[in-house]
Number of protein chains: 2
Amino acid sequence: MKLDFSVAVHSLLYLDENSPRKITSAELAKSLQLNPVMIRNILSVLHKQGYIEGSVGKNGGYLLQRPLAEMNVGALYDLTIPPTISYARFITGDSKGLVANDTDDSDISANINETLTDLFTLADADYRRFYHRFSMTDLKTDLHQHGHFIDLVNQLS
Amino acid sequence: MKLDFSVAVHSLLYLDENSPRKITSAELAKSLQLNPVMIRNILSVLHKQGYIEGSVGKNGGYLLQRPLAEMNVGALYDLTIPPTISYARFITGDSKGLVANDTDDSDISANINETLTDLFTLADADYRRFYHRFSMTDLKTDLHQHGHFIDLVNQLS
């Protein structure tokens with residue numbers, strides 16, 4: 001879900017901005033303007049994948065486990081938004097074709113299903129490649145100097 | 001909506017396959033395995049934009065108005081799936097920042113909103129450019145020779 005990606009990006013940038021202060025999930029939730037329950041799952045994923053480290057107790061909280069420069073935006077995208085398994089609800093026709101009509105060569109119902117699946121799958125792979133071109137440092141720079149990211153993309157393309 | 005794009009692509013390929021026979025919306029709906037009501041709106045858009053021509057009456061039906069080679073896949077994508085106006089529901093933080101906290105420089109709530117909006121907007125533009133690289137002829141070839149489209153994309157990238 002795209003919101004999960006935003007939660008991850010926002011959390012990591014927030015931890016970086018406030019480093020080396022430990023940040024509680026309550027403080028993070030306040031900045032994200034989301035319910036703490038909504039971010040707990042993503043923080044757990046970031047923790048398991050070695051993006052952040054956390055400690056509990058009175059002085060507990062989260063810290064970055066590695067610098068932003070070593071975090072790829074595309075890797076975060078893939079982590080928080082897995083590729084679509086099935087495009088079935090976006091695709092017309094049926095992989096079996098028209099049962100009542102399956103000797104009719106003019107019907108493209110079965111084939112279009114495969115063609116559209118390939119089109120969407122390849123487009124999604126291309127979309128992910130876009131995110132993989134950037135590190136979290138690129139987004140951090142834009143936070144402080146809005147317009148940086150647009151300039152960067154224009155230079156690259 | 002992504003299904004609208006599939007409806008458009010499927011309809012145009014179906015008309016091409018059956019050319020010069022006129023195709024009724026009922027026949028098209030059967031191949032699409034959708035209710036005729038669900039495709040009426042898209043057919044109307046394709047008609048208005050000069051992709052198809054239609055006639056009513058006893059021998060009425062739809063025909064392509066121009067060859068597939070003159071139809072760009074990206075143009076169809078833009079026509080059926082307009083760019084997202086607002087990413088608000090995918091974005092954390094608030095464009096106004098934390099009101100109670102707006103003198104706190106460590107809070108990134110307002111800035112992250114702008115940065116994520118730029119990131120998603122640029123990624124979407126890049127996504128659309130992918131579709132613009134192909135004509136409907138590329139999809140037609142894949143219909144008859146599945147795997148063609150994958151090969152084509154691999155060659156281009």
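## A tour of chains A and B

α6(A) and α7(A) are oblique to each other, because an angle of about 130° falls outside the ranges for roughly parallel, antiparallel or perpendicular. This is a predicted model, and that helix pair is the first stop.

**Stop 1: α6(A) and α7(A).** Select both helices in chain A. Their axes lie 7 Å apart. Now show side chains. From α6(A), pick Asp138(A), Leu139(A), Thr141(A) and Asp142(A). They meet His148(A), Phe149(A) and Leu152(A) in α7(A). Colour this contact by class: three residues are nonpolar, two polar and two charged.

**Stop 2: a salt bridge at α6(A).** Stay on α6(A) and select Lys140(A). Which residue forms a salt bridge with Lys140(A)? Select Asp16(A): the closest N and O atoms of the pair are 2.7 Å apart. This pair links distant parts of the chain. Asp16(A) sits in helix α1 and Lys140(A) in helix α6, 124 residues apart. Over all chains, the whole structure holds ten salt bridges.

**Stop 3: α4(A) and α5(A).** Select residues 73-80 of chain A, which form helix α4. Add α5(A), residues 109-132. The two axes come within 6 Å and cross at roughly 135°. That crossing makes α4(A) oblique to α5(A). On the α4(A) side, show Val73(A), Gly74(A), Ala75(A), Tyr77(A) and Asp78(A). Facing them in α5(A) are Tyr127(A), Arg128(A), Tyr131(A) and His132(A). By class, this contact has five nonpolar, two polar and two charged residues.

**Stop 4: where chain A touches chain B.** Zoom out and show both chains. Each chain gives 52 residues to the contact. The area buried between them is about 4,800 Å², with 67% of it from carbon and sulfur atoms. Which residues of chain A lose the most area to chain B? Select Ile108(A), Leu119(A) and Leu143(A); together they make up 12% of what that side buries.

How many salt bridges are there between chain A and chain B? The count is zero. Polar contacts do cross the interface: ten residue pairs, both partners at pLDDT 80 or more.

**Stop 5: the helices behind that surface.** Select α1 (2-18), α2 (25-32), α5 (109-132), α6 (136-144) and α7 (148-156) of chain A. Each supplies at least two residues to the side that touches chain B. α5(A) gives the largest share, 16 residues. Finish by colouring this side of chain A by class: 27 residues are nonpolar, 13 polar and twelve charged.

Note on methods: Residues are numbered from 1 along each chain as its sequence is written. Chains are lettered from A and ligands numbered from 1 in the order in which they are written. This is a predicted model: local features need pLDDT of at least 70, side-chain atom pairs count only at pLDDT 80 or more; totals for chains, interfaces and linings use all residues. Side-chain values use heavy atoms; hydrogens and water are left out. Contact means heavy atoms within 4.5 Å. Buried area is the accessible area (1.4 Å probe) that two parts lose on being put together, summed over both. A salt bridge is a side-chain nitrogen of Lys or Arg within 4 Å of a carboxyl oxygen of Asp or Glu. A polar contact is a pair of N or O atoms within 3.5 Å; within protein, one must be able to donate a hydrogen and the other to accept it, and residues adjacent in sequence count only if both atoms are side-chain atoms. Helices (H or I, at least four residues) and strands (E, at least two) are DSSP runs, numbered from the N terminus. Ala, Val, Leu, Ile, Met, Phe, Trp, Tyr, Cys and Pro count as nonpolar, Asp, Glu, Lys and Arg as charged, and the others, Gly among them, as polar. Axes are lines fitted to C-alpha atoms, for helices over the stretch in contact, and angles run from 0 to 180 degrees between N-to-C directions. Angles under 35 degrees count as roughly parallel, over 145 as roughly antiparallel, 65 to 115 as roughly perpendicular and the rest as oblique.
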